[in-house]
Structures are given as structure tokens and as C-alpha cells.
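Work through the exercises below with the model open beside you. Try each task before reading its solution.

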Amino acid sequence: MQFDVAVKAYVGMDIPPKTIQYLNDNVSRPEFKYFAVPFANAMYNPTGVPLTADATLPGGDEPYDLIVMQSVFTHFNPQDFVALLHVLRRHSASDARLFFTCFIDNDMESDFLDSVPDKPLLMAYYKESFIRRMLGCAGWTPLALYAPSNQMQHQFACTPLPDIEHAVQYFGPCDFGQWESGRRERYV
């Protein structure tokens, strides 16, 4: 809207219903649609519906060409991270692009670290290799990984793998165990 770029369709999703209501009331264009998602998250929606690999997104069945997620996976545990990757893969066009931010720390001992134990998922850190495994087993391949800047965390650019069955055979099952809220680290 700021740059008056033609948009065929835009779908925005977030957890807080007040955010969605604000957007519906104040950013109204016929090609823009906003939806609240009900998924559980230790930080934003502890009583929500569990996020699973076969969950559906609101907004219909049209495949997405471009998915941008800023500061989403920075608040996700590993099983929700990989579940959402599966959901997005099912909702993506074959030539889609996925951009997301994440915190990466390759020097930590574990693959995942919830760095602020008294505030679950305030800052979720991952090893790059762990993110790449989750991407692969969910049917995505990274195109690029960009270093963090003053304005943003690490950024991945990805595209769907053409053959999801081959990906599962290569990367193995997407079972990354259970994460317990309040534990500092779980995946070692």
C-alpha cells in the first residue's frame, strides 16, 4: 500500500484477534484478507489449538506464491516449527518462495535453546543445521541464508522441493520429540 504496488491477493495471519480486527477495520482493500489463527504457543496463546503437520490455515485453498514470516519462528519450539513448515508446504504453489527470520547460534551445545526460561519462547535459538534438517523433511530447500543486520535476525529464503516423498526418505522422519515449556534446552 505504501508503494502502490499491484497485489492480486494478500492474506495476513496472526494470533491476537485484536490485531486482526484492527487490520479489518483500518486497512481495508478488497484484495486484502486477514485471519486470526488459533494455534497454541507458549508465549502468545498457551490455551490454543495444538499446531500439527496436518493443520489447515484459514483463507481458502488457493496456493500461496510468497510467504513472509518475520519474528514467527523466533517464538516457536521445534515441533511447532516443523509442523508449520509442513502446513505451509501444502498451501504453497510449486514455485513459491518462503522467507522467514530466525535466531541462529551454531556455538551452542544443543540444536534448540529457549533462551529465557521464565518467559517461554521469548527468544528461541536454533543451530543452522537443525533448521536445514527441519526444512528438508518438511519439503523445503533453502535458496539462501542471510546474516542478521541491525534491523533483523538471520533470514532464510526457501522454495518447495518438487518431490516431498524423496525428501522424507533423504532427511528422515520429522519427529523432533516433545518440548517442555519452561525448560532451558531440550534437543541435545
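## Exercise 1: Two cysteines

C102 is buried, at a relative accessible area of 0%; buried means under 20%, exposed over 50%, and partly exposed in between, with a 1.4 Å probe and protein chains only. The model is predicted: local features need pLDDT of at least 70, side-chain atom pairs count only at pLDDT 80 or more, and totals for chains, interfaces and linings use all residues. Residues are numbered from 1 along each chain as its sequence is written, and side-chain values use heavy atoms, with hydrogens and water left out.

**Task.** Find how many disulfides the rule gives, and explain why C158 is not bonded to C102.

**Solution.**
1. Take the rule: a disulfide is a pair of cysteine sulfur atoms within 2.5 Å.
2. Apply it: the count is zero disulfides.
3. Check C102: its nearest cysteine sulfur belongs to C158, 9.0 Å away.
4. Check C158: its closest cysteine sulfur is the one in C102, and 9.0 Å is too far for a bond.
5. Add the burial of C158: it is buried, with a relative accessible area of 1%.

## Exercise 2: The fold in order

**Task.** State how many helices and strands there are, and write their order from the N terminus.

**Solution.**
1. Fix the terms: helices (H or I, at least four residues) and strands (E, at least two) are DSSP runs, numbered from the N terminus.
2. Count: the protein has four helices and eight strands.
3. Order: the elements run β-α-β-β-α-β-β-β-α-β-β-α.
4. Add burial: of the 188 residues in the protein, 42% are buried.

## Exercise 3: Salt bridges

**Task.** Find how many salt bridges there are. Then say which parts of the protein the D111 and R133 pair ties together.

**Solution.**
1. Take the rule: a side-chain nitrogen of Lys or Arg lies within 4 Å of a carboxyl oxygen of Asp or Glu.
2. Count: three salt bridges result.
3. Start with R29 and E31: their side chains form a salt bridge at 2.6 Å, N to O. R29 is partly exposed, at 24% relative accessibility.
4. Go on to D111 and R133: their closest N and O atoms are 3.5 Å apart. D111 sits in the loop between β4 (92-104) and β5 (112-114), and R133 in helix α3 (residues 128-137), so this bridge ties together parts 22 residues apart in sequence. D111 counts as buried at 16% relative accessibility, while R133 is partly exposed at 35%.
5. Finish with E128 and R132: the closest N and O atoms are 2.8 Å apart.

## Exercise 4: Inside helix α3

**Task.** Place E128 and R132 relative to the turns of α3, then list the buried residues of α3.

**Solution.**
1. Both E128 and R132 lie in α3, four residues apart, about one turn of the helix.
2. An α-helix has 3.6 residues a turn, so residues three or four places apart point the same way.
3. E128 is partly exposed at 22% relative accessibility, and R132 is partly exposed at 32%.
4. The buried residues of α3 are F130, I131, M134, L135, G136 and C137.
5. Just after α3, G139 has a positive phi of about 95°.
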